[in-house]
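Biologist: I am new to this structure and would like a close look at one part of it. Please then go on to the rest in a connected way.

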Amino acid sequence: MADRLGRLLGIDLGGTKIEGIVLADDHTEVARRRVPTERERGYDHIVARVAELVRELDPFAPDCRRVGIGTPGSLSARDGTLKNSNTTCLNGRRLLDDLRARCGLDVVIENDANCFALAEVHAGAARGARIAFGVILGTGVGGGIVVDGRVWGGPQHVAGEWGHHRISDDGPPCYCGQRGCVETFLSGPALERAYVAAGGDACDAIEVARRADDGEARAGAVLERYVDRFGRALANVVNILDPDVVVLGGGVSNLARLYTDGVAAVRRYVFNDELRTRIVRNALGDSAGVIGAAMLAR
Ligand SMILES: [Zn+2]
């Protein structure tokens, strides 16, 4: 069928769920499926789950010869195995080769934050930007760079990994082996921990913000420190990359004050007498990752 030409198939391979999507040429959604990852069942099981999902979606994209996969971590430039994934059973494995063999299609694998940035540039809040920096503020902190409509991964596939910039020598230890990484301050769990450390009860980041808005001094102080560090961390990125737009995603991107006080904090720390960088909320929500994965297939 002629109208099926140009359809794109993408998979978002996450730690708890695997989601697949088929997009039409104009990026409208044709089909979507979701299954639990069941990562406790190991590597071969996950590879089989992805292949199953691709088989299920393939009839909606019969002319598609390539599938894009977005996942945490990236392919090692040394030997092509996956590294830095928080689904640790995938690390050190030949995920790309194994998926190609199981799916019978060409496969492209890209970091999930890079997929997020790609989707927001082509179909979301960063549309038309020449240089965009996509930020994930969620369970972890990720970042992705898109230049002229394409992911800029770098020769070592670490471009955009600002979550492991070290912004404090005496900050909390990070799983990467350093201390005081951006992620240890700006992830959702980090904000929640900071509130508990200040004497608050356990609640999520959005609730901390609500309490701050209601005038609770403790929540206000925790959030003020959070926003200040957000500004420091993002100003570092702006100084190096000078993107046209920074688009925020992940659960913590719902904090309204990131777009007011947060922008003011970036302006405070950037090495310039003004801040032209647009800092915006994502437009595609949780779907950005899987949409970006499908865009890899082009
Ligand atoms: Zn780290």
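Biologist: Which residues are buried in helix 8 (residues 261–269)?

Modeller: This is a predicted model. In helix 8, the buried residues are Gly262, Val263, Ala265 and Val266. Because they cover an arc of only 160 degrees around the axis, they lie on the same side of helix 8. An α-helix has 3.6 residues a turn, so residues three or four places apart point the same way. Among the elements that cover the buried residues of helix 8 are helix 7 (217–241) and strand 12 (278–281).

Burial can also be followed in a strand. In strand 1 (8–13), 6 of its 6 residues are buried. Leu8, Gly10 and Asp12 point one way from strand 1, while Leu9, Ile11 and Leu13 point the other way. In a regular strand the side chains alternate between the two faces of the sheet.

Strand 1 belongs to an open sheet of 5 strands with mixed pairing, in the order 3-2-1-4-7. The edge strands, strand 3 (29–36) and strand 7 (106–111), each pair on one side only. On average, neighbouring strands of this sheet are turned by 20 degrees against each other, direction ignored. Helix 1 (residues 43–57) packs on the sheet and touches strand 1, strand 2 (17–23), strand 3 and strand 4. The direction of helix 1 makes about 25 degrees with that of strand 2.

Strand 1 and strand 2 run antiparallel and are joined by 6 bridges. They form a hairpin with 3 residues between them, and the bridge partner of Ile11 in strand 2 is Gly20. Strand 1 and strand 4 run parallel, joined by 4 bridges, with Asp12 opposite Gly70 in strand 4. Strand 4 (residues 66–71) in turn pairs with strand 7 in the parallel sense over 6 bridges; Val67 has Val107 as its bridge partner in strand 7. Helix 3 (residues 112–123) lies across strand 1, strand 4 and strand 7, and runs at about 95 degrees to strand 7.

One loop residue completes this view. Thr37 is found in the loop between strand 3 and helix 1. Thr37 is buried because its relative accessible area is 0%, under the 20% that counts as buried. Leaving aside neighbours within four places in sequence, the contacts of Thr37 include Leu13, Gly14, Ile18, His45 and Arg49. The Thr37 side chain reaches the backbone oxygen of Gly14 at 2.8 Å.

Notes:
Residues are numbered from 1 along each chain as its sequence is written. This is a predicted model: local features need pLDDT of at least 70, side-chain atom pairs count only at pLDDT 80 or more; totals for chains, interfaces and linings use all residues. Side-chain values use heavy atoms; hydrogens and water are left out. Two strands pair if DSSP finds at least two bridges between them. Helices (H or I, at least four residues) and strands (E, at least two) are DSSP runs, numbered from the N terminus. Axes are lines fitted to C-alpha atoms, for helices over the stretch in contact, and angles run from 0 to 180 degrees between N-to-C directions. Contact means heavy atoms within 4.5 Å. Buried means under 20% relative accessible area, exposed over 50%, partly exposed in between (1.4 Å probe, protein chains only). A polar contact is a pair of N or O atoms within 3.5 Å; within protein, one must be able to donate a hydrogen and the other to accept it, and residues adjacent in sequence count only if both atoms are side-chain atoms. The arc is that of the directions from the helix axis to the C-beta atoms.
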